[in-house]
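Hi,

Here is the structure I said I'd pass on. Have a look at it first, and my notes follow below.

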Amino acid sequence: NDAPHACEMLARTTSRIALRVKGRILFVDLADVIAVKAEGNYVSLERRSSTYILRGSISEMAKKLEPYGFIRIHRSIMVNRSLVEEIQPQLTGEYRLRVSGGRQYTVTRTYKRNLRFLAQLWLGAEGFCC
């Protein structure tokens, strides 16, 4: 039987993730996650009001979260592209990225090509980045 299981179909359409935190399972809407940052053998999932520390690597998280709109902007940072509000070029060739709520992150030159995935259409921005 090649028909997808009901749980698999739900997993493809939901934007909630389950996190094991301090012996509990928390359900978090991915739309509320601003960024994921590497912290040694752990990653931090940053929301506006809270941060969760999870065991794992940023590479593992990238594989899991890229299909849900997260992009890598630094070797140790991913952001939720739907929350990005502004990109500012820096003299170093890097970019400063501001997300809703005011947090700012540096986009390194290695990952600046990923900025093109922030929008489906760029108007008046030819040659600006990426």
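To start with the surface: the protein exposes about 8,500 Å², and carbon and sulfur atoms supply 49% of that. Bear in mind that this is a predicted model. Of its 130 residues, 35% count as buried. As for contacts, if you take those with a separation of 6 or more, 36% come from residues 24 or more positions apart.

The overall layout is two helices and ten strands. Going along the sequence, you get α-β-β-β-β-β-α-β-β-β-β-β.

**The five-stranded sheet**

One open sheet has five strands in the order 5-4-3-7-6, paired antiparallel. Strand 5 and strand 6 are at its edges with a single partner strand each, so each has one side without a neighbour in the sheet. On average, neighbouring strands here are turned by 25° against each other, ignoring direction.

How enclosed is strand 6, given its buried residues? Four of the five residues in strand 6 (residues 70-74) are buried, so the rest of the structure largely encloses it. Strand 6 runs antiparallel to strand 7 (residues 77-80), and four bridges join the two. The link between them is a hairpin of two residues. If you want to check the register, His74 has Ile77 of strand 7 as its bridge partner, and Ile71 stands opposite Val79, also in strand 7.

**Helix 2**

Helix 2 (residues 58-65) has Ile58, Met61, Ala62 and Leu65 buried. These residues span an arc of only 105° around the axis, which puts them on the same side of helix 2. Lys63 and Lys64 are on the other side of helix 2, and they are exposed. What do the buried residues of helix 2 pack against? Their partners are strand 3 (33-39), strand 4 (42-47), strand 5 (51-55), strand 6 and strand 7. Those are the strands that make up the order 5-4-3-7-6 of the open sheet described above.

**The three-stranded sheet**

The other open sheet I looked at has three strands in the order 8-9-10, again with antiparallel pairing. Its edges are strand 8 (84-89) and strand 10 (104-107); each has a single partner strand, so one side of each is left without a neighbour in the sheet. From one strand to the next, the twist averages 25°. Strand 8 and strand 9 (residues 95-99) run antiparallel and are joined by five bridges. Within that pairing, Pro89 has Tyr95 in strand 9 as its bridge partner.

**Three residues to click on**

Tyr105 sits in strand 10. Is Tyr105 buried or exposed? Its relative accessible area is 5%, and with the cut-off for buried at under 20%, Tyr105 is buried. Leaving out residues up to four places away in sequence, Tyr105 touches Ile34, Ala35, Lys37, Glu46, Ile73, Ile77, Val79, Tyr95, Arg96, Leu97 and Val99. Among these, Glu46 also makes a polar contact with Tyr105, side chain to side chain, at 2.8 Å. Tyr105 and His74 are 31 residues apart in sequence, while their C-alpha atoms are 8.8 Å apart in space.

Arg47 is in strand 4. Despite being an arginine, Arg47 counts as buried, at 18% relative accessibility; the cut-off is under 20%. Not counting residues up to four places away in sequence, Arg47 touches Val28, Asp32, Val33, Ile34, Tyr52 and Arg103. Ile34 is also one of the residues that Tyr105 touches.

Lys22 lies in the loop between strand 1 (16-21) and strand 2 (24-29). What about its backbone? Lys22 has a positive phi of about 50°, although it is not a glycine. At 81% relative accessibility, Lys22 counts as exposed.

That's the lot from me.

Cheers

Terms used: Residues numbered from 1 in each chain as written. Predicted model: local features only at pLDDT ≥ 70, side-chain atom pairs only at ≥ 80, totals over all residues. Heavy atoms only, no water. Pairing = 2+ DSSP bridges. Axes fitted to C-alpha atoms, helices over the stretch in contact; angles between N-to-C directions. Buried < 20%, exposed > 50% of the residue type's maximum accessible area, 1.4 Å probe, protein only. Arc of directions from axis to C-beta. Contact = heavy atoms within 4.5 Å. Polar contact = N/O pair within 3.5 Å; in protein donor to acceptor, adjacent residues only side chain to side chain. Areas by Shrake-Rupley, 256 points an atom, 1.4 Å probe, with all protein chains shown as cover.
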